[in-house]
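Please work through the exercises below with the sequence and the structure at hand. Each task is followed by a solution in steps.

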Amino acid sequence: MALSQRISTLTGGGSDGWDLFLKARRMIADGVPVTELTIGEHDIRTAAPILQDMHRSAMGGHTGYAMVPGTDALRDIVAKRATERTGVPTSRDNVLITPGGQAALFAAHAAACDPGDVALFIDPYYATYPGTIRGVSAIPRSITTRAEDAFQPRAQDIEAGVAGARSLLINSPNNPTGTVYSRATLEGIADICQRHDLWLISDEVYDSQVWEGAHLSPRALPGMAERTLVVGSMSKSHAMTGSRCGWLIGPEHAIEGLINFSTHTTYGVPGYIQDASVFALSQGDEFEAEVGAPFKRRRAIAQRVLAAQNTVGLIPAQGAMYLMLDIRATGMSGDDFADALLEAEHIAVMPGESFGTAAAGHLRVAMTVDDDAFEAALTTLCRFAEARAA
Ligand SMILES: Cc1ncc(COP(=O)(O)O)c(C=O)c1O
């Protein structure tokens, strides 16, 4: 029995770019001691008090169907966080609770695009973006950024690709590059969205992980609240990746339509997960800073290690839990370098090519092992690159 076109072509037919990751996992399963710097998973687990609150809620009976848009308490605290951080008045009617940021990305594209519409996204990109767009039967079109711009998109490049588009998906702080979009970049994007009547889908799941400068949500720019859908999540800010709790913030009429959509897709998020998320969010900004602190520390370690050599370049990373390294001086592709590094040194990093074409000749390093192991892995990586470049 044939599967639908939508499902059978979801990843565009080619490799999904995760070969290296799967190879590293197989080596680990075979007992090889691999330093794993591939995926965006913290090296800490969800904090015990959050789990205790989840347990308390479940034992208290919150195990039945929960309200589809999210509980009032969770929608309210997400709205309060958005108001405080962005200055844009936000109420529970602007908030839909979703099973993680990924479900919010899907819902946002379902709201913005009809089948056959073009949906823009920025290359390099988080691995699921094109498939999420195909999942709503829209057509993904990438806008390429450049290493020399630290992968900040140029307004003229977006403008050149805008014909026929209904939406633009951006992500700042960025996975995979660690770039935080500047005010000028975001103002350029806002201008294009308004002139071409685009929905802006702003993935801000790393909004609490900014190491330099400040996070600016484009929803706060003049005229943007009515056309911006903000994707948020407990995954990165609270080390709750497995709890599957996120949200979408947008205009009331969009959220109203998406509540109906959620009723027919996810049917909401478990009540005890939502209660634990309220508890976690009520710990405030300090808790989020604590969860992010190891990445800030490791970024400083990387800056020190990379400053001591000239072969591997560091793309200025202002946020998130990743670094993008430029290894073009070795003459190798990111794919070949990552594979050779894994084989020879048992260090697993993602080739830039896994995230589109713009980051070819680069590596994405997740800062997700303890400080000493991280420093040792980076030092070895640089030595390995130097030997290849010589
Ligand atoms: C940029 C970006 N957006 C969204 C997600 C999805 O996160 P979740 O569904 O766990 O909230 C991720 C996960 O790594 C991500 O890196």
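The exercises that follow concern a predicted model.

**Exercise 1. Burial of a helix**

Determine whether helix H11 (residues 271–281) is largely enclosed or not, and identify what covers its buried residues.

Solution.
- Step 1. Apply the cut-off: a residue is buried when its relative accessible area is under 20%.
- Step 2. List the residues of H11 that meet it: Gly271, Ile273, Gln274, Asp275, Ala276, Ser277, Val278, Ala280 and Leu281.
- Step 3. Draw the conclusion: nine of the eleven residues of H11 are buried, so the helix is largely enclosed by the rest of the structure.
- Step 4. Identify the cover: it includes helices H3 (48–59), H4 (72–86), H9 (234–237) and H12 (284–307), together with strand S2 (95–98).

**Exercise 2. Packing of two helices**

Describe how H12 and helix H14 (residues 371–389) are placed relative to each other, and characterise their contact.

Solution.
- Step 1. Recall that two packed helices are described by the angle and the distance between their axes.
- Step 2. Read both values: the axes of H12 and H14 come within 10 Å and cross at roughly 30 degrees.
- Step 3. Classify the angle: angles under 35 degrees count as roughly parallel, so H12 is roughly parallel to H14.
- Step 4. Assign the handedness: the crossing of H12 past H14 is right-handed.
- Step 5. Name the residues in contact: H12 contributes Arg297, Arg298, Ile301, Ala302, Arg304, Val305 and Leu306, while H14 contributes Asp371, Phe374, Glu375, Leu378, Thr379 and Cys382.
- Step 6. Sort them by class: seven residues of this contact are nonpolar, one is polar and five are charged.

**Exercise 3. An open sheet and its helix**

Establish the strand order of the open sheet of five strands, and locate the helix that packs on the sheet.

Solution.
- Step 1. Write the order: S1-S11-S12-S10-S9, with mixed pairing.
- Step 2. Find the edges: strands S1 (35–37) and S9 (313–314) each pair on one side only.
- Step 3. Examine one pair: strand S11 (residues 347–351) and strand S12 (residues 362–366) run antiparallel and are joined by two bridges. Pro351 stands opposite Leu363 in S12.
- Step 4. Place the helix: H13 (residues 334–345) packs on the sheet and touches S11 and S12. The direction of H13 makes about 170 degrees with that of S11.

**Exercise 4. A single glycine**

Decide whether Gly131 is buried or exposed.

Solution.
- Step 1. Locate the residue: Gly131 lies in helix H6 (residues 129–135).
- Step 2. Compare with the cut-off: the relative accessible area of Gly131 is 16%, and buried means under 20%, so Gly131 is buried.

Technical notes: Residues are numbered from 1 along each chain as its sequence is written. This is a predicted model: local features need pLDDT of at least 70, side-chain atom pairs count only at pLDDT 80 or more; totals for chains, interfaces and linings use all residues. Side-chain values use heavy atoms; hydrogens and water are left out. Buried means under 20% relative accessible area, exposed over 50%, partly exposed in between (1.4 Å probe, protein chains only). Helices (H or I, at least four residues) and strands (E, at least two) are DSSP runs, numbered from the N terminus. Contact means heavy atoms within 4.5 Å. Axes are lines fitted to C-alpha atoms, for helices over the stretch in contact, and angles run from 0 to 180 degrees between N-to-C directions. Angles under 35 degrees count as roughly parallel, over 145 as roughly antiparallel, 65 to 115 as roughly perpendicular and the rest as oblique. A crossing is left-handed if the near helix is turned anticlockwise from the far one by less than a right angle, and right-handed if clockwise. Ala, Val, Leu, Ile, Met, Phe, Trp, Tyr, Cys and Pro count as nonpolar, Asp, Glu, Lys and Arg as charged, and the others, Gly among them, as polar. Two strands pair if DSSP finds at least two bridges between them.
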